Amino acid sequence: MDQWDDWVEYDPAAWPRKVEKRYILVPTTCFNCEAACGLVAYVDRGAGSEDASGRSEDASGGASRGTPLASSPQRFASSLPQLRITKLEGNPHHPASRGRNCAKGPATINQVQDPNRILYPLKRVGPRGSGQFERTTWDEVLDTFAGRIRTALIEDRRTEIMYHVGRPGHDGYMDRVLQAWGVDGHNSHTNVCSSAARVGYALWSGADRPSPDHANAKFILMLSSHLETGHYFNPHAQRIIEGRNKGAKICVIDVRHSNTASMADHWLAPWPGTEAMLLLAIAHILLNENLFNREYVEQWVNWREYMRAKAPDAPVEFDRFVEHLKAHYAYATPEAAERECGIEAERIRTIAREIGAAGSALATHVWRNAAAGNLGGWQVARCLQFIVVLMGAVNTVGGTHLNSNNKFVPPPFLKPPPQNVWSELLYPIEYPLAYHELSYLLPHFLEEGRGKVDVYFTRVYNPVWTNPDGMMWEKMLRDESKIGLHAALTPVWSETAQYADYVLPMGNGAERHDLMSQETHAAKWISFRQPVLRVAAERLGKSVEFTYQANPGEVWEEDEFWIELSWRIDPDGALGVRKYFESPYRAGQKITIEEYYRWIFENSVPGLPEAAKAVGMTPLEYMKRHGAFLVEAEAYTGHLAKLKAEQVQGAEKHEDGSVVKSGIPIGVQHGDAVVTGFNTPSRKLEIYSETMQQWNWPEHDLPAYIESHIHRKHMDRAKGQYVLIPTFRLPTLIHTRSANAKWLYELSNTNPVWMHPEDAVLLGVKTTDLIKVATRIGHFINKVWVTEGMRPGVIACSHHLGRWRLFDDQSTDRMAACKVVREEIAPGQFRFRKIEKIRAYASEDPDTKRIWWSDGGVHQNLTFPVQPDPISGQHCWHQAVTISRTGTDDEYGDVFVDTNKSMEVYREWLAMTRPGPGPGGLRRPLWLARAVRPSAEAFRVKE
Ligand code: SF4
């Protein structure tokens, strides 16, 4: 690190000559998945006539037409030495990734150097979706949006401002902005991602994610399409290998033979949707063979509540509870599981006994996959955690932690109060227990006339392509009566950005500030993402006011954008917004982004000021230099954290160990101490959920198996009926942001349908043959890949590929997207047909002439109807499909969608809900987390 200001290495292009090149090395954080691995950017101090971005002005699209930001200095690049990023590698000082990355991390350089990237803010000049944009200025953008938002705030239309995020890349920054505005406008992608699993985990413990301590586990049990479906891929992967090297057994439950499954001791491929039954059979064995941790369960599980509710006539005794539990789950025998799941009973017994032998060193994980695929998928996570609880493996060495143990989010200065308003477009009354916003139903809600959105920000979010029923999204985004003004904040063109009114280029992982932490292992850490060229310039003695001045073109970053926008919304402070954007160091002055993070590092990160002082730095200097900080090396305390004496003062200690103050449990007696326990109403691990009783789902008050919408009884292979698994991801691609990463697309550029040889014979197809895959609202035409890595009766297709573009330039990148024609062949019926394959083309990057792939895959999500789980709200991704041979009019890549059927399917699923309000007129249980949580008052339904 002491050489990072002037790092010297030989130029590989000059080999065999030894030509020295000099770099400034700047740490930052990868933005290509949520794991937040550390990167180090190599900034070339070399020569050339280019500006700081490595681009000439000619390539930029001409000079700016607008005026610069009022307070900005002259164009910064002209005063800079010629700096450019040449590569990114792992940051060895990062506590989670430890210098290692997956393929997507180093590929950040492709995104930085993408010849087609959006360099300047753009404004629509033709009709929406016409692909006609012109360059505008950040000033014009800010004034337009600030004026519109200001008017909405003055008119108290606080549910009409919506920020809809795909990849946030930060922890809480935007929550603060939205609450400073006083709006209920945070929307996310989570209900097409992970919200089902979160419900399962939250019911047990109040924390919504697991944090497995893989490195110290004796048994690792994963339900993952591909190693947590990409999340935490690298930091988890390296620790799984560590655990394995120390003797841990690995079991992967996945219908598809994933890369992870290929490295496992056990690969189980149950019938999709039956995973909860399989897990209950394991629990059954642990209970009946007395392999579970009695002492732990007695101390930490809310078994007394269970007994009072489920066995009111029996004495409230632990042994009776165990008996009752065994009787309740008596149906979940290994033989019953074999019949339901298609996994041999003896294999289930073997695995259960190995889990029993691992004791509390049981690391488990489910994130998307079965939880996100199935009706009732949230019970998969709940049943998985049932096993963890039985083994006493919560928050143990080698066990399964709660994310709250291992994720550290330092509070910022001056937190605004929660908003006193509730948006029914985000959390409608039908879904009181949904873990996140019903985001992908927004078009359906607006179609039903439930409201409108006046100002809509999509941020690193591509719903037209990513979400199910994308044509409903397209319809909504084209309709100015539904979406008043839409800005797409994005580093790349996408299928959604083309429908926006403004396309605002935002930086990728090497071009922006963020602070992140993830639950990668049994520790706590923070990682600082920084705009590399800005930091390099500062090391050379230059000061930069705005990040876009140092980034390529005028690529900005959201953090600064929101500060500037907020300032203009409330220039005189009359709306109460401005004060949250005033500097904590310079009274009344606008905060700088550096001050924002400086305050956090100085005040909110335990140990950082001391660590910085020890090396002669300020906390901010330390983070800018190291890029990450290990807050707690071993975070095993969790629910055993002791309450302070003043917290316990005046509390009553109950016979069951709970400590209650003013009628509310605040902790649990544990030995001599009172500890926090879990974040549930009882402070215990809740096997029995009173909440499910109170909120109209009494049949789900315990971990249970729910038959999926794709249960095999609905499938008849003789009629071509199959289950389609669309949830798996390729480890080398990013959902929709890798289209401009040439290395990644060279690795992965086609997504055929995986099919077992038995099914290929039944259907009379072989690898590369075309098939038609029909859903409730449409169909797509794709190639077959025959493989034994698939369960018979089930097919699978990766969801990363099949990018499309309508235009040559202002559309998804040409190295990833085929050009298509979109035709409305009948009212509400659309067909997409490829008219141009991916092919080599000339650009600033000579590699684009070397593109050899032509396929690009097939877009399947457009043909999926929305299937919202009535409890979790999660879109149930798995599809019941019918496979047939193609007709003469079908071509590879065709996608057909009938939006007339979209609302019909939506209403069928909506009819399964049991709407609130719940007890006390609440929209949602007060104890349950909610994204950007409003005031308690807003939880109550008004007359
Ligand atoms: S796992 Fe890969 S994509 Fe995700 S943050 Fe790490 S390097 Fe980036």
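Select tyrosine 296 to begin: at 11% relative accessibility this residue counts as buried, and its place is in helix H8, which covers residues 294–300. The model on screen is a predicted one. If you display the contacts of tyrosine 296 while leaving aside its neighbours within four places in sequence, you will find Val301, Val389, Gly392, Val394, His639, Phe678 and Leu685. For a sense of distance across the model, draw a line from tyrosine 296 to alanine 180: the two residues are 116 apart along the chain, and their C-alpha atoms are separated by 44 Å.

**The whole chain**

Now zoom out to the full protein, whose secondary structure comes to 28 helices and 34 strands. The radius of gyration is 27 Å, close to the 30 Å that the globule rule gives for 943 residues, so the protein is as compact as a globular protein of that length. Along the principal axes, the C-alpha trace spans about 80 × 75 × 70 Å. Of the 943 residues, 65% count as buried, and among contacts between residues at least 6 apart in sequence, 74% join residues at least 24 apart.

Colour the chain by confidence next. The mean pLDDT is 93, and 95% of the residues reach 70 or more. Over residues 47–78, however, the pLDDT is below 50, although this stretch has 76 contacts in the model beyond near neighbours in sequence. Where pLDDT is low, the predicted coordinates should not be read in detail.

**The nonpolar cores**

In soluble globular proteins, nonpolar side chains tend to be buried together. Which residues of the largest nonpolar core touch the most other members? Select Phe321, Ile355 and Ile687, which hold that place among the 152 residues of this core. Helix H7, residues 275–288, supplies the largest share of the core, with eleven residues. Apart from this core lies another, of 57 residues, and Leu142, Phe408, Leu489 and Phe546 are among them.

Return to isoleucine 687 and show its surroundings, again without the neighbours within four places in sequence: the residues in contact with isoleucine 687 are Trp204, Val301, Asn302, Tyr306, Phe321, Leu325, Arg382, Phe386, Asp701, Leu702 and Pro703. Val301 is thus also in view from the opening stop, as it is listed among the contacts of tyrosine 296.

**The ligand**

Select the ligand and the residues around it, which are Cys30, Asn32, Cys33, Ala35, Ala36, Cys37, Asn101, Cys102, Lys104, Gly105 and Asn234. Sorted by class, this shell has six nonpolar, four polar and one charged residues.

**Backbone stops**

Most residues other than glycine have a negative phi, and most peptide bonds are trans. The next selections depart from that pattern. Go to tryptophan 15 and proline 16, where the peptide bond joining them is cis, with omega near 10°; proline 16 sits in the loop between strand E1 (7–10) and strand E2 (20–29). Then move to glycine 916 and proline 917, whose peptide bond is also cis, with omega near 0°, and note that proline 917 lies in the segment after helix H28 (902–910).

For positive phi, select asparagine 369, which has a value near 45°. This residue is found in helix H13, residues 369–373, and counts as buried at 5% relative accessibility. Leucine 414 likewise has a positive phi, of about 45°, although it is not a glycine. Is leucine 414 buried or partly exposed? With a relative accessible area of 43%, leucine 414 is partly exposed, and its setting is the loop between H15 and H16.

**Two loop residues**

Stay in that loop and select proline 417, which is found between helix H15 (403–406) and helix H16 (442–447). Proline 417 is partly exposed, with a relative accessible area of 48%, and touches Gln179 and Tyr580 once residues up to four places away in sequence are not counted. Glycine 166 is 251 residues from proline 417 along the chain, and their C-alpha atoms are separated by 25 Å.

Finish at glutamate 844, in the loop between strand E32 (829–836) and strand E33 (879–885), where it counts as partly exposed at 47% relative accessibility. Select proline 115 together with glutamate 844: these residues are 729 apart along the chain, yet their C-alpha atoms are separated by 5.8 Å.

How values were computed. Residues numbered from 1 in each chain as written. Heavy atoms only, no water. Helix = DSSP H or I, 4+ residues; strand = E, 2+ residues; numbered from the N terminus. Buried < 20%, exposed > 50% of the residue type's maximum accessible area, 1.4 Å probe, protein only. Contact = heavy atoms within 4.5 Å. pLDDT = per-residue confidence, 0-100. Near = heavy atom within 4 Å. Nonpolar A, V, L, I, M, F, W, Y, C, P; charged D, E, K, R; others polar. Core = buried A, V, L, I, M, F, W, Y, C linked by side-chain atoms within 4.5 Å. Rg over C-alpha atoms; globule rule 2.2 N^0.38 Å.
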